[in-house]
Structure formats: structure tokens, C-alpha cells
Amino acid sequence: MSTIHIPVLSKETIEVLIDGGGKTYIDCTVGTGGHSVEILTQTPNDVIVIGIDKDGESLKIARKKLEPFGSRSKLLKGGFEDIEKLIEPLDVGPISGILFDLGMSSFQLDAPKRGFSFREDGPLDMRFDTEQELTAEEVIKTTSQEKLLELFKKLGEEKWSRRLSRVITERKANKEFETTLELSDFIRKNIPRRAAHKTLARVFQAIRITVNNELEDLKKGLLESFNILDIGGRMTLITYHSLEDRIVKNFFRLLKSAELITVINPRCARPSKSERLRNRRSRSARLRAMKKIKEIPEKIAEMEKMDMEKEWEGERSD
């Protein structure tokens, strides 16, 4: 099993994040520690990084990788949707920068036992936090045909959603799906061969997003992160698919229209050709960055309690 995860858009992300100076940064998706190492390497010895992740196995690797930096790194197990509660006991002062590197890591994808890959045989798991109860197997087992259709269509943006939701429901009535290859082989048999790879990627994405509640957690995490970010602080976000990028883009638009931020890279940054060749998993990545210029008004701070579907998700990303 590979434990190597190559940080995507590392140079561009770190340059923007630390350009404003400051003493405390938060890596909301620390993973195996790649971006955090770069932040600590490129900043003075009085700078600290707080790393947050749901994945206990990734944190073990990050802890070892960050050990040379001593007390300059602090690692916390949890999700960025609870960032305010997680960092409150630390009493670390103003937060100068916050980094999100969304989606799953190579470390997770390359571990068959985690069930993220449709190419390797493993349990239908897909949990970022292996201590949570809901797994991919449970999602498939308990979700109706109608809800599977909605899941594949909305979270996978998959054109074969109707057929797949029907045949999967028919099959599981006789025999449940238990492994990744069991599911992927079944899907391959029920769609044209030319569509198999992209369809499998979209279906597995839809299930993974459901298992980990990724989109709702992202919305909450963005709000909480902006709330704790200091005036003049930077926020950088790396997205990998249109659903999460749409949320980030529209969140930026909402804050910009309220004159709360300056968008640092309006067109967003993408990996260079050399990075895409060196790391194929970087090819869909987009980096968006902003600087906070005002505190968030109460009206916007309460928006997670409102019906904000149009503002959050109503428009496709550029």
C-alpha cells in the first residue's frame, strides 16, 4: 500500500497563504502532512500550523512527518465542519490563514481496505473517519431506487443514473453488494464499455460524498472557517470536482458581493502541464483564494439556517 500523497498546487497555494504574514495557520485537511510541511518550512520558527483530519491513519503519518517541527505543529482528529469547537481549547490567537485541500488523498485511494477505489477489491467502506457507523455498503443496502437515482444524478452527474439505480435495486433484492469489485463489475456489465471508467468514477464519487456528508460539511466548514479567520487573513481552497467547486465559487461570490473579501485569483489557478504529467490526480484541481477584509455580518452568519440552495449550488463552475 502506498503512503505517498503528493500535495497538489503546493507552490501556488503556500505562496498565497503565507503572503500576508501571521503566526497561526490551519490546514483543514492535513492528510499525511504535505502542505503543512511546506508551510512550516517556508515560515519563521514562531509560526505554528494546526492540522485537522477525520482520518486517524493519515494523522499517524502526518504526526511522524511533522515531528521535526516540534511544537510548531498541532494535530487534531475531527472534521472542518466543527473547526470552531476543535480549536477553541487551544487558545492560539488570531488565525492568519486557512487551507482546504478537498476530496480524498492518494493514501486513501491506494488502500484497498478503505474501499475508495473501483479498481481494487475491498470492502464497500469509503469512510474518511473509520469510527463513524455509516459505510458505502450500508448506503447501497438501505437506499431506495428513487433515492439512488437522485444520488447518482445529483452527486455523480451521471447520465446512466436511471438504468443503474434500477438494476442495482433489482440485484440487491436477491444479493447484497459487499465489495468494491462486486459493485464495479456489476456496473460494467450494465453500461456500454466505452462509458465504464467515467461512470464508475462518478458513481463511486456519489456514494463517497453521501457516506461522508461532504457537501453539507463543506458549507458549514466554510462558514465556520471564515468566522475564525482574522481580518487580512487568507483562505485557499483546492477543489477536484464541479459540485464542491460550485459551492466554493458561490460562497466567494456571496462574500464578495457583501464586500467582505478580496478575491485573490478570480480566474482560479490550475496545475501546470508538468504537474499534471507528474501527478495525474492533479488534473482536475482548481485553486481559489481570497483575503478577508471585514467580519461576517449576522445575516450571512445565519445563512446555514436558511434555504440557500440557489446561492450555494445554483450555478456551474467556470
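This report describes the sheet, some helices and a few single residues of a predicted model.

## The sheet as a whole

Seven strands form an open sheet in this model, and their order is β3-β2-β1-β4-β5-β7-β6. The pairing within the sheet is mixed. The edges are held by β3 and by β6, which spans residues 261–263. Each of these two has a single partner strand, so one side of each is left without a neighbour in the sheet. From one strand to the next, the twist averages 15 degrees.

In general, the strands of a sheet are paired through backbone hydrogen bonds, and the pairing can be parallel or antiparallel. Both senses are described in the sections below.

## Strands β1, β2 and β3

Strand β1 covers residues 24–27 and pairs with β2 in the parallel sense, over four bridges. Within this pairing, D27 has G51 of β2 as its bridge partner.

Strand β2, residues 48–53, also pairs with strand β3, residues 73–77. This pairing is parallel too and runs over five bridges. Here I50 is matched with K74 in β3 as its bridge partner. Helix α3, residues 56–66, belongs to the same part of the chain: β2, α3 and β3 make a β-α-β unit, and the unit is right-handed.

## Strand β5 and its neighbours

Strand β5 runs from residue 229 to residue 239 and is mostly covered. Of its eleven residues, eight are buried.

On one pairing, β5 is joined to strand β4 (residues 95–101) by six bridges, and these two strands run parallel. The bridge partner of I95 is L229 in β5. On the other, six bridges join β5 to strand β7 (residues 286–292), and this pair runs antiparallel. In the pairing with β7, R234 stands opposite K291.

## Helices α7 and α8

Helix α7 takes in residues 145–155, and helix α8 takes in residues 161–172. The two pack with their axes 8 Å apart, at an angle of about 140 degrees. Angles over 145 degrees would count as roughly antiparallel; α7 and α8 are therefore oblique to each other. Their crossing is right-handed.

## K11 in helix α1

Which helix holds K11? The residue lies in α1, made of residues 10–18. K11 has a relative accessibility of 58% and therefore counts as exposed, the cut-off for exposed being over 50%. Its side chain makes a polar contact with the side chain of E15, at 2.8 Å.

K11 can also be placed relative to I261. The two residues are 250 residues apart in sequence, and their C-alpha atoms are 23 Å apart in space.

## Two residues with positive phi

Two loop residues on either side of β6 deserve a note on their backbone angles. E259 is not a glycine, yet its phi is positive, at about 60 degrees. E259 sits in the loop between α12 (242–257) and β6.

C268 is not a glycine either, and its phi is positive at about 65 degrees. The loop that contains C268 lies between β6 and α13 (273–278). Is C268 buried or exposed? C268 has a relative accessible area of 14% and so counts as buried, since buried means under 20%.

Methods
Residues are numbered from 1 along each chain as its sequence is written. This is a predicted model: local features need pLDDT of at least 70, side-chain atom pairs count only at pLDDT 80 or more; totals for chains, interfaces and linings use all residues. Side-chain values use heavy atoms; hydrogens and water are left out. Buried means under 20% relative accessible area, exposed over 50%, partly exposed in between (1.4 Å probe, protein chains only). A polar contact is a pair of N or O atoms within 3.5 Å; within protein, one must be able to donate a hydrogen and the other to accept it, and residues adjacent in sequence count only if both atoms are side-chain atoms. Two strands pair if DSSP finds at least two bridges between them. A crossover is right-handed if, with the strands pointing away from the viewer, the path from the first strand over the helix to the second runs clockwise. Axes are lines fitted to C-alpha atoms, for helices over the stretch in contact, and angles run from 0 to 180 degrees between N-to-C directions. Angles under 35 degrees count as roughly parallel, over 145 as roughly antiparallel, 65 to 115 as roughly perpendicular and the rest as oblique. A crossing is left-handed if the near helix is turned anticlockwise from the far one by less than a right angle, and right-handed if clockwise.
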